[in-house]
Amino acid sequence: MVDFLKKIAESFLNALYPVKTNCTFCGKKIENGMPVCGECLSGLEMISPPFCEKCGKPLYKDLSTYCYDCRRKKHYFEKARAYGVYEGVLKGLIHEFKYNGDRRLSTFFGEKLFEAYQRYGFEDIEVIVPVPLHKKREEKRGFNQSLLLAKELGERTKKEVRDALIRTRNTEHQTALPREKRDENVKDAFKIKIGSPVGGKNVLLVDDVYTTGNTADECAKALLSGGAKKVYVITLARG
């Protein structure tokens, strides 16, 4: 019965978001059902050392353990890691995924997140939690990209996914704000759902892009207030 309902849901989604036969990034025709052609795929690179041990930001000289921001600011999460840098092909694909509804990318991105998960060491994770969208924004977009990514990662890691957080305010997009206003934009904008306990658990927070870390920090603060033992962060891209 579950498989039957899943097939119905997939058919509905395919009708709503038709599968493309062209590369999502460059438009070149592709035949293998992948969302990205081989040439664009070769343009994706995973972040390699040196990078900040706290937030995962690439460091261009291996002169410090932490980046400038993490030396100045206390974070609520243990560490954050991303698959790649938010530029070029990866940036374009994330944009297609979020704003143009190319759902083929959820599986593709799930594989990339799993690569990062394996490389950067999250062995003590017990539960995966997505960063929530506000209800109005999710209704407008039709889905929460972070929840789709969390589910894809959960399938690969065999970890439970709990949609445990609520966004209490319809905040502005962080990328549209100057750095000095991003902290206030998301301050106290998240809380734990009733009946979604994370008490005593090591939590992995999933999002598409990490920029200044303000969203990750506010989500981590809410999870810790709900009893989480530790909070880690994984994203597709690092801005």
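Angles between helix axes that are under 35 degrees count as roughly parallel, those over 145 as roughly antiparallel, those from 65 to 115 as roughly perpendicular, and the rest as oblique. In the predicted model described here, the axes of helix α4 (residues 88-99) and helix α5 (residues 104-120) come within 9 Å and cross at roughly 135°, and α4 and α5 are therefore oblique to each other. The crossing in which α4 passes α5 is left-handed. On the side of α4 the contact is formed by Leu90, Leu93, Ile94, Glu96 and Phe97, and on the side of α5 by Leu105, Ser106, Phe108 and Phe109. Sorted by class, the residues that bring α4 and α5 into contact comprise seven nonpolar, one polar and one charged.

Helix α5 also packs against helix α7 (residues 145-157), at an angle of about 55° and with the two axes 8 Å apart, which makes α5 oblique to α7. The crossing of α5 and α7 is right-handed, whereas that of α4 and α5 is left-handed. From α5, the residues Ser106, Thr107, Phe109, Gly110, Glu111, Leu113, Phe114 and Tyr117 take part, and they meet Leu148, Leu149, Glu152, Leu153, Arg156 and Thr157 of α7. The contact of α5 with α7 divides into seven nonpolar, four polar and three charged residues. Ser106 and Phe109 of α5 are listed both in the contact with α4 and in the contact with α7.

Two features of the backbone concern loops. Most residues other than glycine have a negative phi, and most peptide bonds are trans. Lys158, although it is not a glycine, has a positive phi of about 65°, and this residue is placed in the loop that runs between α7 and β3 (160-161). The peptide bond that leads from Pro49 to Pro50 is cis, with an omega near 5°, and Pro50 belongs to the loop between α2 (38-41) and α3 (68-72).

With regard to internal space, a search of the whole structure returns one cavity of 30 Å³ or more, and the volume of the largest cavity is about 40 Å³. The lining of this cavity consists of 10 residues, of which Cys55, Asp69, Tyr210, Thr212 and Arg238 are the closest to the centre. By class, the lining of the largest cavity is made up of four nonpolar, three polar and three charged residues.

How values were computed:
Residues are numbered from 1 along each chain as its sequence is written. This is a predicted model: local features need pLDDT of at least 70, side-chain atom pairs count only at pLDDT 80 or more; totals for chains, interfaces and linings use all residues. Side-chain values use heavy atoms; hydrogens and water are left out. On a 1 Å grid over the protein atoms alone, a cavity is a set of points where a 1.4 Å probe fits but cannot get out, and a pocket is an open set with protein on both sides within 12 Å along at least five of seven lines; lining residues have an atom within 4 Å of a point. Grid points are joined across faces, edges and corners, and a volume is the space filled by probe spheres set on the points. Ala, Val, Leu, Ile, Met, Phe, Trp, Tyr, Cys and Pro count as nonpolar, Asp, Glu, Lys and Arg as charged, and the others, Gly among them, as polar. Axes are lines fitted to C-alpha atoms, for helices over the stretch in contact, and angles run from 0 to 180 degrees between N-to-C directions. Helices (H or I, at least four residues) and strands (E, at least two) are DSSP runs, numbered from the N terminus. A crossing is left-handed if the near helix is turned anticlockwise from the far one by less than a right angle, and right-handed if clockwise. Contact means heavy atoms within 4.5 Å.
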